Amino acid sequence: MEVQIIELEKKYWHGVENHDYETVKNLTSFPCIVAGKNGVQSISEAEFKKMFDSGQTNKIKVLKIYDVTEKLISENTAVIGYYLDFTLLEDSQKAPIKCVCTSTWIKENNKWACVMHTETELEK
């Protein structure tokens, strides 16, 4: 199970990098909760699509996902935490950005989807 969740996270980030809305949408349970430096939001599918189409999500290149910690809460609920290094495509000369991320995944109708994601940029 653990390998499956990290692979879903990687698939999600690959979808973000490639601006593949269908992949990202299919891996998300709406409304989803997102927390980061801009606060906490509950985001509907329509709001998510608008953000995705605005280009806010396709300006990164994931360099590395590492130091993964996962826990199966029940057969249908899992949490994961990991470090993420990425660069901004518009500023490739800048040092990579390092974050810690967490996600909560649920399995419904034999399909895993992310219901909550957090990202916190680490201090330099």
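**Exercise 1. A pair across two strands**

Which residue in β6 does Val100 stand opposite?

*Solution.* The structure is a predicted model. Start by placing the strands: β5 covers residues 97-108, and β6 covers residues 111-121. These two strands pair in the antiparallel sense over 10 bridges. Now look across from Val100: the residue standing opposite in β6 is Thr120. Finally, follow the chain from β5 to β6. The two strands form a hairpin with two residues between them. Asn109 lies in that turn and has a positive phi of about 55°.

**Exercise 2. The order of the sheet**

Determine in what order the six strands lie in the sheet, and which strands stand at the edges.

*Solution.* Step one is the order. The six strands form an open sheet, arranged as β2-β1-β6-β5-β4-β3, with mixed pairing. Step two is the edges. β2 (39-43) and β3 (60-74) each have a single partner strand, so one side of each has no neighbour in the sheet. Step three is the twist, which averages 20° from one strand to the next.

**Exercise 3. The β2 edge**

Describe how β2 pairs with β1, and state which helix touches both strands.

*Solution.* First, the pairing: β1, residues 28-36, runs antiparallel to β2, and five bridges link the two. One example is Cys32, whose bridge partner in β2 is Ile43. Next, the helix: α3, made of residues 45-53, packs on the sheet and touches β1 and β2. The direction of α3 makes about 115° with that of β2.

**Exercise 4. From β3 to β5**

Trace the sheet from β3 through β4 to β5, giving bridge counts and examples of facing residues.

*Solution.* Begin at β3. This strand pairs with β4 (residues 77-88) in the antiparallel sense, over 11 bridges. The link along the chain is a hairpin, in which two residues join β3 to β4. Across this pair, Tyr66 stands opposite Tyr83 in β4.

Move on to the other partner. β4 and β5 are also antiparallel, over 10 bridges. Asp85 has Lys98 in β5 as bridge partner, while Phe86 stands opposite Ile97 in β5.

**Exercise 5. A cavity**

How many cavities of 30 Å³ or more does the whole structure hold, and which residues line the largest cavity?

*Solution.* Count first: the search finds one cavity of 30 Å³ or more. Then take the volume: the largest cavity holds about 40 Å³ of space. Then list the lining, which consists of Thr87, Leu88, Asp91, Lys94, Ala95 and Ile97. Last, sort the lining by type: three residues are nonpolar, one is polar and two are charged. Ile97 also appeared in Exercise 4, opposite Phe86.

**Exercise 6. Ile6 and its surroundings**

Is Ile6 buried or exposed, and which residues does Ile6 touch beyond four places away in sequence?

*Solution.* Locate the residue: Ile6 belongs to helix α1, which spans residues 2-17. Then compare the accessibility with the cut-off. Buried means under 20% relative accessible area. Ile6 has 9% relative accessibility and therefore counts as buried.

Now list the contacts. Leaving out residues up to four places away in sequence, Ile6 touches Ile65, Val68, Glu70 and Ile80. As a last step, take the pair Ile6 and Ile80. These residues are 74 residues apart in sequence, yet 7.7 Å apart in space from C-alpha to C-alpha.

How values were computed: Residues are numbered from 1 along each chain as its sequence is written. This is a predicted model: local features need pLDDT of at least 70, side-chain atom pairs count only at pLDDT 80 or more; totals for chains, interfaces and linings use all residues. Side-chain values use heavy atoms; hydrogens and water are left out. Two strands pair if DSSP finds at least two bridges between them. Helices (H or I, at least four residues) and strands (E, at least two) are DSSP runs, numbered from the N terminus. Axes are lines fitted to C-alpha atoms, for helices over the stretch in contact, and angles run from 0 to 180 degrees between N-to-C directions. Contact means heavy atoms within 4.5 Å. On a 1 Å grid over the protein atoms alone, a cavity is a set of points where a 1.4 Å probe fits but cannot get out, and a pocket is an open set with protein on both sides within 12 Å along at least five of seven lines; lining residues have an atom within 4 Å of a point. Grid points are joined across faces, edges and corners, and a volume is the space filled by probe spheres set on the points. Ala, Val, Leu, Ile, Met, Phe, Trp, Tyr, Cys and Pro count as nonpolar, Asp, Glu, Lys and Arg as charged, and the others, Gly among them, as polar. Buried means under 20% relative accessible area, exposed over 50%, partly exposed in between (1.4 Å probe, protein chains only).
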